[in-house]
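Visitor: I should like a close look at a single part of this structure, namely its second largest pocket. Please describe what lines that pocket, and then follow the neighbouring strands and loops from there.

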Amino acid sequence: MIGVARTPYSQTKEIPKGLGAKHDAMGTLEILPEFETGLTDIEGFSHLFVLWVFDRSEGFELFGTVPIDGQPHGVFATRSPRRPNPIGLTVVELLRREGRMLHVRGVDMLDATPILDLKPYLSSIPAEKLRRGWIAGAEMRATK
Ligand SMILES: C[S@@+](CC[C@H](N)C(=O)[O-])C[C@H]1O[C@@H](n2cnc3c(N)ncnc32)[C@H](O)[C@@H]1O
């Protein structure tokens, strides 16, 4: 662990879920003092990948339903917190850095969630090449 996420969410029910859920909540990534040097030059990036631990989920389900469409899917085709390795991945917008505190927008994890790693977000995949799998079908049904 390299730090913890400070977010407005103390309970999972407070975190927006399902189709069209907006993740624009502000939070702070508090990096431990011994890792602060590793933040050098991070200010130049607008967005970051945050890798973190689902530290309050229990066990895993290889095939189960998620709030998006109520249909069962394989866990690796979802973003379910109940995974064999409980690792979360969130893209956040980096608003500013104050020493070892990174102020960000777009948190979707509980307060005090352990952070495993940070990496700059650089997407080189053109939008027309992205396939959205079963989520595209769920989105289409929801707009009908
Ligand atoms: C659908 S997951 C997606 C998380 C991340 N964006 C991802 O793709 O890995 C987000 C949900 O995980 C749950 N969650 C958030 N923080 C958690 C934590 N620290 N421990 C266990 N569950 C958590 C909440 O129910 C939240 O709505």
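**The second largest pocket and its surroundings**

Guide: The second largest pocket is lined by Ile-2, Ile-31, Phe-35, Gly-38, Leu-39, Thr-40, Asp-41, Ile-42, Phe-45, Asp-117, Leu-118 and Pro-120. The model is a predicted one, and the space in this pocket comes to about 160 Å³. By residue class, the lining holds eight nonpolar, two polar and two charged residues. Strand E8, which spans residues 113–120, contributes the most to the lining, with three residues.

One lining residue, Asp-41, deserves separate attention for its backbone. Asp-41 sits in the loop between E2 and strand E3 (47–53). Its phi is near 80°, a positive value in a residue other than glycine. Most residues other than glycine have a negative phi. Asp-41 counts as exposed because its relative accessibility is 58%, and the cut-off for that class is over 50%.

A second residue with such a backbone angle is Ala-112, in the loop between E7 and E8. Ala-112 is not a glycine, yet its phi is positive, at about 75°. With a relative accessibility of 32%, Ala-112 is classed as partly exposed.

Another lining residue, Ile-31, leads into the strand pairing. In E2, Ile-31 is the bridge partner of Gly-3. The strands E1 and E2 pair in the antiparallel sense, over four bridges. E2 also pairs with strand E7 (residues 101–105), again in the antiparallel sense and over five bridges. Within that second pairing, Glu-30 stands opposite Met-101 in E7.

The connection between E1 and E2 can be followed through two of its residues. Thr-7 belongs to the loop between strand E1 (3–6) and strand E2 (26–31). Thr-7 counts as buried because its relative accessibility is 10%, and the limit for a buried residue is under 20%. A polar atom of the Thr-7 side chain lies 2.8 Å from the backbone oxygen of Met-109. Leaving aside residues up to four places away in sequence, Thr-7 touches Val-107, Met-109, Leu-110 and Asp-111. Met-109 therefore appears both as a residue touched by Thr-7 and as the owner of the backbone oxygen that lies 2.8 Å from a polar atom of the Thr-7 side chain.Ala-21 is found in the same loop, the one between E1 and E2. At 26% relative accessibility, Ala-21 counts as partly exposed. The C-alpha atom of Ala-21 is separated by 9.6 Å from that of Ile-68, although these residues are 47 residues apart along the chain.

The last site to consider is Asp-69, placed in the loop between strand E4 (63–65) and strand E5 (72–74). Asp-69 is buried, with a relative accessible area of 18%. The side chain of Asp-69 has a polar atom 3.0 Å from the backbone nitrogen of Gln-71. A polar contact, at 3.0 Å, also joins the side chain of Asp-69 to the side chain of His-73. When residues up to four places away in sequence are not counted, Asp-69 touches Trp-134, Ala-138 and Arg-141.

How values were computed. Residues are numbered from 1 along each chain as its sequence is written. This is a predicted model: local features need pLDDT of at least 70, side-chain atom pairs count only at pLDDT 80 or more; totals for chains, interfaces and linings use all residues. Side-chain values use heavy atoms; hydrogens and water are left out. On a 1 Å grid over the protein atoms alone, a cavity is a set of points where a 1.4 Å probe fits but cannot get out, and a pocket is an open set with protein on both sides within 12 Å along at least five of seven lines; lining residues have an atom within 4 Å of a point. Grid points are joined across faces, edges and corners, and a volume is the space filled by probe spheres set on the points. Ala, Val, Leu, Ile, Met, Phe, Trp, Tyr, Cys and Pro count as nonpolar, Asp, Glu, Lys and Arg as charged, and the others, Gly among them, as polar. Buried means under 20% relative accessible area, exposed over 50%, partly exposed in between (1.4 Å probe, protein chains only). A polar contact is a pair of N or O atoms within 3.5 Å; within protein, one must be able to donate a hydrogen and the other to accept it, and residues adjacent in sequence count only if both atoms are side-chain atoms. Contact means heavy atoms within 4.5 Å. Two strands pair if DSSP finds at least two bridges between them.
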